[in-house]
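Here is an informal walk through one protein chain, from its inside to a few backbone oddities. Have the structure open and follow along.

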Amino acid sequence: MDPIEAISSIQLVGGLDCSIYCYKLVTNNGPVPMISFVTSGFAEKNHPELAVHIKIQDEDGFEEYPPQSLDSHEDFLESLSVYKLFTLLFKICDNAPLTQRKTTKFSKGFLGLSDIKGVIYTVVNNFRYPDGILKENVLYFTVIALTQKELEIAELCPQRCLIKIGQAMDEFPFPIYCDRERNCSINPELDLSESIFNKSSAYNFPDCRVAYEHTDEKIKITIPKFELPRIKKILNGTELDSIVIFNSGNSPEIDSYINWNPEDTGELDLLNVNILSDPFRDRKITSGSFFGFVPSQEQDEAIFYEDGFMVMLSDSSWMLLRRCLQEGNPCFIKSDTDTGYSAELFFESTEIDDIAKEVADHAQNQPRLMILTPKNELQENVDISEFTEFVQSCVAAIKDYFHDKGDLGLPIKEYVVQVNIEEPKDITTKVACRPITITIPEYVSVEVNALMKEINCCTVKNSIEFQAYFPIQDCEHDHQ
């Protein structure tokens, strides 16, 4: 099948374009008429592009679908408020970065519906959509509309909300488009006061995974090593006897997910867990929406809890696990009970982590500065001259790393490092390095600045934390 071409394109604001596609999407319920709004321009600001996919209704006024033109449907397009959302986010994304599983609230509704009170941004595999709509090698966040109660759930536990909407739309595991005719997937009158999330702090880690492996009957927690600095910061700021909860993400190998039942507010037996399964695969690996650690327990065991997993730990096991979490070492917690499960903690090591090691080795004699939020803390803790020297060392380490690896068949590109702090004071260093894919957590120390994903050059914004990497065509161009 030939790639689908945009039926229309509009420039929303300087540097941001929106392409519109009309087509029929193959879903579990058959072909669905769809209109997609896809941005081009966020990548220049080092953010993922955005895509809003909306199911067409009879009331939208299309005599045939796909239409030949959208010229007579301008009022319909405006009523969806997609242009307004894209424009707003483009204007504020430098100071309010777009991150996976983040939510945005609305006061006046969205998609022409007053009961839509927000959206959530998530990653959907590009192959779920026809060729031509989403570009290869570009990261997109799919925008999913939320009612007020869904928004409340998403702010507590993003994956819990997405699974509930996916179930309501008969899409596994998550929704891949917005359906304006669907009902709220969660009872609007639901009391959330008994949930674990109203008793403990939770932190979003969409790149972490937790799953129950049916064959081995154990719970496996997998954490990318680039998340170590953020985890260490969280643990250092948490009381030793406090429960710690991490909202997890999804992964292609997961074939089933625990479906949250609001009436289940505690420990669950596997036989009583409501599980949603991929209709095309056997159930072997079941994921949850979160994992947590509960210290000060008499015995060690991992249990099913609500729609996630909790690891119950004695004091000695908690100290061992904390050390492993901070140092990135694997850990095995054997269950002391007949009813509980054992838990294994793994840290994924990738080429990203090898790059980080090169950076740390190269800059080991440089001051280790922590970039903090808010702005006044940033200014008080950073010496601009020392920071400049350190960033240059890190860039040099990345450059040397790729040169040492030899010819990988990848094009050499020019990248710029710009530092904006306080006045701002700028320094620019031109380097030649091969394209890399790295990630920066929300709070990080500068020495691990190579731990960023979908980033190729670094910037310290004068109002938030160390955070952006972007390619440039002209090294003399001034990035604001």
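This is a predicted model, and a good place to start is helix α5. The buried residues of α5 are covered by β8, β10, β11 (244–247), α6 and β20 (342–348), among others. Which residues of α5 are buried? They are L228, P229, R230, I231, I234 and L235. Note that a charged residue, R230, is on that list along with the nonpolar ones.

One of the covering elements, α6, deserves a closer look. The axes of α5 (residues 228–236) and α6 (residues 315–327) come within 8 Å and cross at roughly 140 degrees. Angles over 145 degrees would count as roughly antiparallel, so α5 and α6 are oblique to each other. On the α5 side, the residues that meet α6 are L228, I231, K232, L235 and N236. Their partners in α6 are W318, R322, L325, Q326 and E327. By type, this contact is made of five nonpolar, two polar and three charged residues. An α-helix has 3.6 residues a turn, so residues three or four places apart point the same way. That is handy to keep in mind when you look at L228, I231, K232, L235 and N236, the α5 residues in this contact.

Now for the chain as a whole. The protein chain has nine helices and 24 strands. Of its 480 residues, 55% count as buried. Among contacts between residues at least 6 apart in sequence, 63% join residues at least 24 apart. The chain exposes about 22300 Å², and carbon and sulfur atoms supply 44% of that area.

Next, the nonpolar cores. In soluble globular proteins, nonpolar side chains tend to be buried together. The largest nonpolar core here has 36 residues, and I35, F37, L50, V82, F86, F110 and Y121 are those with the most contacts inside it. Which elements each supply at least two residues of this core? They are β2 (16–27), β3 (30–40), β4 (49–55), α1 (74–79), α2 (82–92), β6 (116–122) and β7 (140–147). Helix α2 gives the most, with six residues. There is also a second, separate core of 35 residues, which includes A51, Y129, A154 and C161.

F110, from the 36-residue core, is worth clicking on. Leaving out residues up to four places away in sequence, F110 touches L80, S81, V82, L85, I116, V119 and A145.

S81, one of those neighbours of F110, brings us to the backbone. Most residues other than glycine have a negative phi, and most peptide bonds are trans. The table lists four places that go the other way.

| Site | Backbone value | Location |
|---|---|---|
| S81 | phi about 65 degrees | loop between α1 and α2 |
| E217 | phi near 55 degrees | loop between β9 (209–213) and β10 (218–224) |
| Y65 to P66 | cis, omega near 5 degrees | P66 in the loop between β4 and α1 |
| F172 to P173 | cis, omega near -10 degrees | P173 in the loop between α4 (158–168) and β8 (202–204) |

Are the two positive-phi residues, S81 and E217, buried or exposed? S81 has a relative accessible area of 18%, under the 20% limit, so S81 is buried. E217 has 52%, over the 50% limit, so E217 is exposed.

Finally, here are two buried strand residues to inspect. S287 is in strand β15 (residues 285–287). With a relative accessible area of 1%, S287 is buried. What is S287 in contact with, leaving aside its neighbours within four places in sequence? The contacts are Q159, V210, A211, G249, I254, S256, Y257, I258 and F309.

V311 lies in strand β18 (residues 308–312). Its relative accessibility is 2%, so V311 counts as buried too. V311 and F293 are 18 residues apart in sequence, yet their C-alpha atoms are 4.9 Å apart in space. Apart from neighbours within four places in sequence, V311 is in contact with I221, G292, F293, V294, E301, A302 and A343.

Definitions and conventions. Residues numbered from 1 in each chain as written. Predicted model: local features only at pLDDT ≥ 70, side-chain atom pairs only at ≥ 80, totals over all residues. Heavy atoms only, no water. Core = buried A, V, L, I, M, F, W, Y, C linked by side-chain atoms within 4.5 Å. Buried < 20%, exposed > 50% of the residue type's maximum accessible area, 1.4 Å probe, protein only. Helix = DSSP H or I, 4+ residues; strand = E, 2+ residues; numbered from the N terminus. Contact = heavy atoms within 4.5 Å. Axes fitted to C-alpha atoms, helices over the stretch in contact; angles between N-to-C directions. Parallel < 35°, antiparallel > 145°, perpendicular 65-115°, else oblique. Areas by Shrake-Rupley, 256 points an atom, 1.4 Å probe, with all protein chains shown as cover.
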